[in-house]
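These are my notebook entries on a structure that I am opening for the first time. I write down what I looked up, entry by entry, and explain each term where I first need it.

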Amino acid sequence: MSASEEVVVGVGAGTETTDMVLNIGPQHPSTHGVLRLRLRLDGERVTECEPIVGYMHRGAEKLYEVRDYRQILLLANRHDWLSAFSSELGVALAAERLAGLEVPERAVWLRTALAEMNRVLNHLMFLGSYPLEIGAITPMFYAFTERERLQAVFEEASGGRIHYMYNCVGGLKADVPPGWEDRARTALDEVEHGMVRLDKLLRHNEIFAARTRGVGVLDAATAAAYGVSGPVARGSGLDFDLRRDEPYLAYGELDVPIVLREEGDCYARFMILLDQVQVSIDLARACLDRAAALEGPVNVKLPKIFKPPAGETYVWTENPLGANGYYLVSTGDKTPYRLKLRSASYSNVQALTTLMTGCLIPDMIAVLGSMFFVVGDIDK
């Protein structure tokens, strides 16, 4: 190779440098699953980021077209495995709206309580895993201690610890055991007490703040342009929450405080999760009180094979990670003609193309983790 054909790579190697293309993933501990990031680097600074998804694609939307609604709930349960109850709930709500079903009041309040408890479970996972990714191991143990308390309550009610399969079209699969509401309240009290040490450990931690403040800033306009929702959007000051703005279940009868921050950085997004846990605990307590005071069934008796009337509907819910949408089209058969999903993680992860630009390689992990996504919810 002649001197004129040589390419000098690396900052400080000379006046002529070239960019390096680096693949992070698809199998990497910090990508929360099989997500691939194609980065272009100038030294240690990221100049371009392309998220490449689809490595876990399971064709769920096509599978829905050949399965009845009971089987669909099982599949939907597994998209965002950290929000399993909320994921199956959306499909049930869409089918109920299309069929014009009125769910018993006790089931509505129990569903709302369980949805908020599932939100706490989801947030606790990220409150533990995110600090771990940037070097702090203790929060993981604290967060899983509190998760275990709630998982025990969920297991008692539904029989499942992760994949509950507790919703059905028309309500809940079965009523909760006697005295369950009291035990659930006790678990929430214990989690609330346990959150104090997690808060003290992280909120004013100088090392944690140094790694996250001013890193990965996402402004409200950019978040809205990408369709970002949930805690990530509210960390950028985007005041949007379906529980308040388009209430479903029992949220219309509850006062739902919206946790907002304006900074839009990794620290703000993490603090949204931390503060949202307390809000969800308070909402779950209120719902449990209402449910305990009600008697009656928790589901509507339906034929063994449920066939909603021909038509179409769209339902969206405020899942723990953001807005999930369910577009259901029926021809009157036992399987949907079409069930299209709008998942929060899929929209949120698109913003990485903006957030990663200009950041350093060590900050890349902090930015990626702060988007709080589940790869199954991206690939579906």
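I began with Met 371, which I found in the loop between α14 and α15 (375–379); helices (H or I, at least four residues) and strands (E, at least two) are DSSP runs, numbered from the N terminus. The model is a predicted one, in which local features need pLDDT of at least 70 and side-chain atom pairs count only at pLDDT 80 or more, while totals for chains, interfaces and linings use all residues. Residues are numbered from 1 along each chain as its sequence is written, and side-chain values use heavy atoms, with hydrogens and water left out.

Is Met 371 buried or exposed? Its relative accessibility is 0%, so I noted Met 371 as buried (buried means under 20% relative accessible area, exposed over 50%, partly exposed in between, with a 1.4 Å probe and protein chains only). Leaving aside residues up to four places away in sequence, Met 371 touches Val 232, Arg 269, Asn 348, Ala 351, Leu 352 and Leu 355, where contact means heavy atoms within 4.5 Å. I also looked up Pro 231, which is 140 residues from Met 371 along the chain, and found 8.8 Å between their C-alpha atoms.

In the loop between α14 and α15 I then looked at Phe 372, which has a positive phi of about 45° although it is not a glycine. Most residues other than glycine have a negative phi. Phe 372 is buried, with a relative accessible area of 2%. A second positive phi, near 50°, belongs to Leu 249, which lies in the loop between α10 (242–245) and α11 (266–292) and, at 22% relative accessibility, counts as partly exposed.

Which residues do ring pairs link into a cluster with Phe 372? They are Phe 126, Tyr 130, Phe 208, Tyr 267 and Phe 270. Rings of Phe, Tyr and Trp (its six-membered ring) pair if their centres lie within 6.5 Å, and planes under 30 degrees apart count as stacked, over 60 as edge-to-face and the rest as tilted. By this rule I have 12 aromatic pairs. One of them is the edge-to-face pair of Tyr 130 and Phe 208, with 6.1 Å from centre to centre and 90° between the planes. This pair links distant parts of the chain, since Tyr 130 is in helix α4 (residues 105–133) and Phe 208, 78 residues apart from it, is in helix α7 (residues 206–212). Tyr 130 counts as buried at 1% relative accessibility, and Phe 208 is buried at 5%.

My last entry concerns the strands, where I found an open sheet of three in the order β1-β4-β5, with antiparallel pairing (two strands pair if DSSP finds at least two bridges between them). Because β1 (20–24) and β5 (45–52) stand at the edges with a single partner strand each, one side of each is left without a neighbour in the sheet. Five bridges join β1 to the antiparallel strand β4 (residues 36–42), and I noted that Ile 24 has Leu 37 in β4 as its bridge partner.
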